[in-house]
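Here is a short report on the sheet of this predicted model. Start at one strand and work outwards.

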Amino acid sequence: MAIFVFQHTDAEHLALLGKVLMRRRIPVRYFPLHRGAPLPSPEELWGEGGGLVVLGGPMGVYEADRHPWMGPGMRLIREALRRDFPVYGLCLGSQLMAGALGARVYPGREKKEIGCFPVELTAEGRADPLLAGEGGAFAVFQWHGDTFDLPAGAVRLASSERYREQAFRSGGRGYAFQFHLEVEMEDVRRWLRVFAPDLVSPRSDADAAGVLARTPSFMEEMNARAERLFSRWLALAGYPPKEPAGDPFAG
């Protein structure tokens with residue numbers, strides 16, 4: 001069973017999570033929706049997919065009229081969450097999950113979070129199957145200015161000083177993370193180039209030099225945590241903890 005991946009910009013991909021899947025020999029199917037790729041049918045997703053990762057992107061959920069894939073994509077995400085199909089949303093992916101569940105998604109009132117910031121786990125987060133044992137607070141990489149309300153029935157897992165909604169769980173296997181743990185320095189440098197206008201936005205108090213100087217000291221810890229959380233999600237999705245016999249890419 002493959003992990004299906006919804007991609008919304010060339011600048012964002014699985015990063016470290018792709019390496020985890022490669023080591024585990026789990027097939028990956030990318031759907032570059034921003035390039036006009038068709039969404040998988042529900043039957044295809046349920047029948048051939050073992051889980052869905054929804055990546056980030058520079059667009060807002062409230063801009064669905066400019067992105068024809070967004071409405072159908074959110075309907076598929078909503079159905080996946082209704083079925084308790086494993087979903088793992090990152091940044092825009094978390095906002096799409098919130099919107100799919102009927103929550104409001106909107107530009108935040110605070111400054112954008114760009115760079116490394118601490119998030120604090122809620123009591124529910126400290127007891128969560130993915131986050132238990134990760135401590136009360138830890139550093140993450142952020143690049144967002146939008147936020148969302150907690151969807152009805154979802155469990156808040158983490159908050160930050162600027163933005164209350166940083167992570168939530170829907171059902172038993174739907175996880176939404178506003179932040180990034182999976183990025184590597186090559187991703188950070190690429191985003192600083194591609195999304196440079198964000199840095200000069202009136203809502204930004206970040207600068208490229210500061211982000212580049214501060215991020216490396218957190219990278220090893222963030223990536224180790226990314227691998228732990230993603231591996232636990234894969235276990236919830238039913239993937240065995242060790243490499244399977246044979247080659248899933250053969251034939």
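Strand 11 has residues facing both ways. Gly174 and Ala176 point one way, while Tyr175 and Phe177 point the other way. All four residues are buried.

Strand 11 has strand 4 as a parallel partner, with four bridges between them. Gly89 stands opposite Ala176 in this pairing. Strand 10 (residues 167-170) also pairs with strand 11 over four bridges, but in the antiparallel sense. Here Phe168 stands opposite Ala176. Strand 10 and strand 11 make a hairpin with three residues between them. In the turn, Gly171 has a positive phi of about 70°.

Strand 1 (residues 2-7) and strand 2 are parallel and joined by five bridges. Phe4 stands opposite Arg29 in strand 2.

The pairings side by side:

| Strands | Sense | Bridges |
|---|---|---|
| Strand 1 and strand 2 | parallel | five bridges |
| Strand 4 and strand 11 | parallel | four bridges |
| Strand 10 and strand 11 | antiparallel | four bridges |

Now the whole sheet. It is open and mixed, with nine strands in the order 2-1-3-4-11-10-9-6-7. Strand 2 (28-32) and strand 7 (137-144) stand at the edges. Each has a single partner strand, so one side of each is left without a neighbour in the sheet. From one strand to the next, the twist averages 25°.

Helix 9 (residues 216-236) packs on this sheet. The helix touches strand 1, strand 3 (49-54), strand 4 (87-90), strand 6 (113-121), strand 7 and strand 11 (174-177). The direction of helix 9 makes about 90° with that of strand 7.

Terms used: Residues are numbered from 1 along each chain as its sequence is written. This is a predicted model: local features need pLDDT of at least 70, side-chain atom pairs count only at pLDDT 80 or more; totals for chains, interfaces and linings use all residues. Side-chain values use heavy atoms; hydrogens and water are left out. Two strands pair if DSSP finds at least two bridges between them. Helices (H or I, at least four residues) and strands (E, at least two) are DSSP runs, numbered from the N terminus. Axes are lines fitted to C-alpha atoms, for helices over the stretch in contact, and angles run from 0 to 180 degrees between N-to-C directions. Contact means heavy atoms within 4.5 Å. Buried means under 20% relative accessible area, exposed over 50%, partly exposed in between (1.4 Å probe, protein chains only).
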